[in-house]
Amino acid sequence: MPQQSYEPYNPLDKSNLGTSVADALLARAVVNLPPEPFLGAGVYAIYYSGSFVPYQQIAESNRHGSYAVPIYVGKAVPSGARKGGYGLDSSPGDALSKRLREHATSIEQANNIQLGDFRCRHLVVDDIWIPLGESLLIDRFAPIWNTLVDGFGNHDPGIGRRNQAKSRWDVLHPGRAWADRLRENQSSADAIIGLLQSTLAGDQ
């Protein structure tokens with residue numbers, strides 16, 4: 001009878017490295033959004049536990065201190081990374097804290113969700129591992145604001161690019177003034193909610 005063969009574990013395999021970053025984030029305490037200011041770049045997860053009806057399945061998973069299902073995950077990299085590099089050895093400043101404050105502002109501007117229903121986890125990470133950690137988190141949880149209801153992390157595209165369509169997030173959560181100046185999205189709020197409900201029910 002042939003002996004069973006096992007693939008040797010490689011701790012430096014990129015998937016294992018990414019998993020270690022993701023697991024370290026998930027071990028962090030859940031705090032208010034936005035958190036108190038701090039220095040560093042890294043990754044984060046945002047959780048919802050409010051009463052917006054289309055999100056009730058997600059909200060239930062995050063009540064009673066469980067915080068099991070992020071609605072969005074993201075990264076904040078040093079400024080050098082936004083210019084095409086990885087930002088290696090660039091001073092991160094308050095990149096991660098600033099990004100979470102920007103997200104809090106977007107939520108505050110929306111007219112059908114409340115900032116008090118959101119919490120977050122955040123982890124300061126060495127710059128080279130930030131994109132890998134974010135990718136593993138998205139693969140693991142497929143958060144709806146990263147996938148189905150995209151656009152939460154968008155910025156004002158500026159006057160020269162306002163012929164682009166409004167994001168699904170801005171259709172479902174109107175309120176950001178700059179988004180109102182964009183072209184209408186082909187999907188209505190009702191259509192997005194229907195797709196969301198089907199996805200959460202496992203129909204797609």
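Which residue of β4 does Y47 stand opposite? The exercises below start from this pairing.

This is a predicted model, in which local features need pLDDT of at least 70, side-chain atom pairs count only at pLDDT 80 or more, and totals for chains, interfaces and linings use all residues. Residues are numbered from 1 along each chain as its sequence is written, and side-chain values use heavy atoms, with hydrogens and water left out.

**Exercise 1. Work out the strand order of the sheet and place Y47 in it.**

Step 1. Helices (H or I, at least four residues) and strands (E, at least two) are DSSP runs, numbered from the N terminus. Two strands pair if DSSP finds at least two bridges between them.

Step 2. Y47 faces R119 in β4. Seven bridges connect β2 with β4, and the two run antiparallel.

Step 3. R119 in β4 also has N32 opposite. β1 and β4 are antiparallel partners over two bridges.

Step 4. On the other pairing of β2 (residues 42-48), five bridges link this strand to β3 in the antiparallel sense. I46 is set opposite Y72 in β3, and V43 has K75 of β3 as its bridge partner.

Step 5. The result is an open sheet of four strands in the order β1-β4-β2-β3, with antiparallel pairing. β1 (31-32) and β3 (72-76) each have a single partner strand and stand at the edges, so one side of each lacks a neighbour in the sheet.

**Exercise 2. Describe how β2 and β4 are covered, and which helices lie on the sheet.**

Step 1. Buried means under 20% relative accessible area, exposed over 50%, and partly exposed in between (1.4 Å probe, protein chains only).

Step 2. In β2, seven of its seven residues are buried. In β4, five of the seven residues are buried, so this strand is largely enclosed by the rest of the structure.

Step 3. Contact means heavy atoms within 4.5 Å. Axes are lines fitted to C-alpha atoms, for helices over the stretch in contact, and angles run from 0 to 180 degrees between N-to-C directions.

Step 4. Helix α4 (residues 130-141) lies across β2 and β3 and runs at about 175° to β3.

**Exercise 3. Characterise the surroundings of R176.**

Step 1. R176 is located in the loop between α5 (168-172) and α6 (189-200).

Step 2. With a relative accessible area of 1%, R176 is buried.

Step 3. Not counting residues up to four places away in sequence, R176 touches S106, Q109, G151, F152, N154, S167, W169 and D170.

Step 4. For one of these, F152, the backbone oxygen lies 3.0 Å from a polar atom of the R176 side chain. A polar contact is a pair of N or O atoms within 3.5 Å; within protein, one must be able to donate a hydrogen and the other to accept it, and residues adjacent in sequence count only if both atoms are side-chain atoms.
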